[in-house]
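Work through the exercises below with the sequence and the 3D structure at hand. Each task is followed by a solution in steps.

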Amino acid sequence: MKRSAKTSHMAAASNRRSRKRKINDVGPPSRFYGTALPGVKEEELSGHLVVIEGSDGSGRSTQISLLTEWLESEGFAVQTMGLRRSFLVGEDIDALLAENAVTRITLALMYGTDFFDQLERRILPALRSGLIVLADRYIFTLIARAAVRGIGRDYLHGIYETALRPDLTFWLNVRPEIAFDREFKKSQTISYWESGRDMSLSNDLFQSFIRYQSMIKREFEYLSKRHGFIELDGEGSVADVNGLLRKRIAAQLGIRSTQYRPSHALSHLWR
Amino acid sequence: MASVAQNISALTESAPAKAPLPRRQYPGALIVVEGTDGSGKSTQLYLLKRWLEINGYRIHFTEWNSSPLVKSATRRGKQRRLLTPTTFSLLHAADFADRCERQIVPLLHGGYLVLADRYIYTAFARDAARGCSPHWLRNLYSFAPIPDITFYFRAPLEVAVNRIVAGRPKLKYYEAGMDMGISLDRAESFRIFQERILDNYDHMVETDRFVLMDGTIQVNKLQKLMRQMLRERVDLAQFAPKKK
């Protein structure tokens with residue numbers, strides 16, 4: 001018998017209540033945190049959603065490039081998503097960030113719009129077609145950034161309760177000092193928003209970056225427990241981190257061999 | 001700080017939406033008009049505003065969907081019909097948040113009488129009619145200050161629909177609720193959409209303490225009533241021009 005998404009959610013919720021079970025610590029009862037998005041049938045989503053979270057300088061993008069190549073070589077089609085990549089408002093957010101005139105709830109809701117536009121118009125269709133979606137950041141970064149700016153966590157979780165629960169969420173954890181070094185080496189500067197300069201933490205850019213990233217890290221420690229992240233040492237070598245990622249993803253997708261060497265095009269990433 | 005257990009339950013269970021920011025007291029007052037298109041609310045608020053302006057009160061007038069911040073995105077989304085019920089709702093919430101954080105809240109703290117043509121109840125009525133969960137919507141807008149008075153202008157469905165259809169050459173796609181695929185006929189789709197919205201508004205009369213205004217009453221008589229109610233419920237003296 002087919003149950004509607006709503007009734008199965010309600011049944012799952014009452015189960016959770018009675019057993020006092022944390023969400024995410026055992027196999028997810030539903031692919032949505034709360035009510036499913038209007039018009040979405042869970043059973044149609046045959047693909048997998050894998051999320052990579054971590055601060056700037058944690059190696060997310062590098063790992064996603066390598067994982068995409070590995071998965072494609074294994075015969076899996078890959079779709080990616082990330083912040084500010086929606087057609088609807090991606091560029092508008094860029095413009096808002098450049099102006100610095102935007103206030104915190106507005107920015108949080110613009111990011112929410114950006115997220116759901118990608119989810120509904122790109123990610124869900126991809127998952128219906130059985131693709132592997134690699135997300136370069138997900139709702140957790142959005143929640144953490146808004147929470148350190150004083151917006152209620154319950155409020156933020158409420159906004160994203162219709163989001164899709166990832167099959168795997170990896171957190172590439174790096175110390176703020178290491179992230180600073182890596183970012184500075186890469187772009188010779190530190191971004192306004194990544195150092196939380198809107199929060200008046202310190203006039204010193206380095207101090208501001210460290211304090212802001214430490215606050216974000218604390219939010220992630222809390223989110224990691226709440227949502228069952230797989231925490232990886234982001235300070236390890238690219239090859240080591242990639243090996244750990246492949247192992248978990250291979251288990252999820254039923255891939256037997258986790259052997260991989262990057263192609264010539266990506267060999268520069270394999271340091 | 002909330003315990004971890006409380007926080008865990010919040011994502012999956014329908015806990016009552018808490019304010020995302022702590023509520024503060026302010027010396028201003030917030031007056032809102034709500035109602036379906038064609039209910040006469042904008043005309044009435046305009047007349048109220050003129051009366052207050054002419055008499056020199058400290059007022060600010062704000063409209064739904066007027067912020068330049070998200071205008072380009074709204075236009076892009078509507079023109080290309082990219083908006084889903086969720087993104088439609090979030091985009092309007094972002095727009096409202098901008099107005100709220102940069103105008104409404106600071107003005108309330110500065111002791112202004114703020115007049116709003118449509119407020120969060122528009123989103124509750126309209127977005128729920130589109131299929132968004134009412135619980136999700138209530139949480140989404142929980143940062144908004146609660147109005148001192150919400151005038152709800154109610155006109156029978158046919159009266160309101162005829163006022164709009166007669167005055168416009170063509171109903172717009174989202175305005176007519178065409179995105180929901182209720183009917184291929186725009187006028188018919190609009191009518192059904194408005195009926196759902198009207199129904200949602202009616203349910204809020206009690207829960208959100210709306211002041212019911214009969215939109216079929218003569219304009220000047222209704223305005224007299226509105227001014228009288230405002231005087232009864234809000235101490236207008238505090239917004240009066242300061243005497244030297």
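Helices and strands here are DSSP runs, helices of at least four residues (H or I) and strands of at least two (E), numbered from the N terminus. The model is a predicted one.

**Exercise 1. State how many helices and strands chain A has, and in which order they run.**

Solution. Start with the count: chain A holds nine helices and five strands. Next, read the elements from the N terminus on: α-β-α-β-α-α-β-α-α-β-α-α-β-α. Then turn to burial: of the 271 residues in chain A, 42% are buried. Last, take the contacts in chain A between residues at least 6 apart in sequence; 77% of them join residues at least 24 apart.

**Exercise 2. Lay out the sheet of chain A and find its edge strands.**

Solution. Step one is the strand order, which in chain A is β2-β3-β1-β4-β5, an open sheet of five strands with parallel pairing. Step two is the edges: β2 (78-82) and β5 (230-233) of chain A each pair on one side only. Neighbouring strands of this sheet are turned against each other by 20° on average, direction ignored.

Step three takes one pair. Five bridges link β2(A) to strand β3 (residues 132-136) of chain A in the parallel sense. Among the residues involved, A:V78 has A:I132 in β3(A) as its bridge partner. Step four adds a helix: α4 (residues 104-128) of chain A packs on the sheet and touches β1 (48-53), β2 and β3 of chain A. The direction of this helix makes about 160° with that of β2(A).

**Exercise 3. Do the analysis for the sheet of chain B, with β4 and β5 as the pair.**

Solution. The order in chain B is β2-β3-β1-β4-β5, again an open sheet of five strands paired in parallel. Its edge strands are β2 (59-63) and β5 (211-214) of chain B, each pairing on one side only. From one strand to the next, the twist averages 20°.

For the chosen pair, strand β4 (residues 149-154) of chain B runs parallel to β5(B), and four bridges join them. B:Y152 has its bridge partner in β5(B), namely B:L212. Helix α4 (residues 85-109) of chain B packs on the sheet, touching β1 (29-35), β2 and β3 (113-117) of chain B, and its direction makes about 155° with that of β2(B).

**Exercise 4. Classify the packing of α5(B) and α8(B): which residues meet?**

Solution. Two packed helices are described by the angle between their axes and the distance between the axes. The axes of α5 (residues 120-130) and α8 (residues 186-207) of chain B come within 8 Å and cross at roughly 130°. The two helices α5(B) and α8(B) are therefore oblique to each other. The crossing of α5(B) past α8(B) is right-handed.

From α5(B), the residues in contact are B:Y121, B:F124, B:A125, B:R126, B:A128 and B:A129; from α8(B), they are B:F193, B:R196, B:I197, B:N200, B:Y201 and B:M204. Sorted by class, this contact of α5(B) with α8(B) has nine nonpolar, one polar and two charged residues.

**Exercise 5. Decide whether B:T87 counts as buried or exposed.**

Solution. First locate B:T87: helix α4 of chain B. The cut-off for a buried residue is 20 or more other C-beta atoms within 10 Å. B:T87 has 25 C-beta neighbours inside 10 Å and so counts as buried. Leaving aside neighbours within four places in sequence, B:T87 is in contact with A:L88, A:T113, A:F116, A:D117, A:E120 and B:G77.

Notes:
Residues are numbered from 1 along each chain as its sequence is written. Chains are lettered from A and ligands numbered from 1 in the order in which they are written. This is a predicted model: local features need pLDDT of at least 70, side-chain atom pairs count only at pLDDT 80 or more; totals for chains, interfaces and linings use all residues. Two strands pair if DSSP finds at least two bridges between them. Axes are lines fitted to C-alpha atoms, for helices over the stretch in contact, and angles run from 0 to 180 degrees between N-to-C directions. Two residues are in contact if their C-beta atoms, placed from the backbone, lie within 7 Å. Angles under 35 degrees count as roughly parallel, over 145 as roughly antiparallel, 65 to 115 as roughly perpendicular and the rest as oblique. A crossing is left-handed if the near helix is turned anticlockwise from the far one by less than a right angle, and right-handed if clockwise. Ala, Val, Leu, Ile, Met, Phe, Trp, Tyr, Cys and Pro count as nonpolar, Asp, Glu, Lys and Arg as charged, and the others, Gly among them, as polar. A residue is buried if 20 or more other C-beta atoms lie within 10 Å of its own, exposed if 12 or fewer, and partly exposed in between; C-beta atoms are placed from the backbone.
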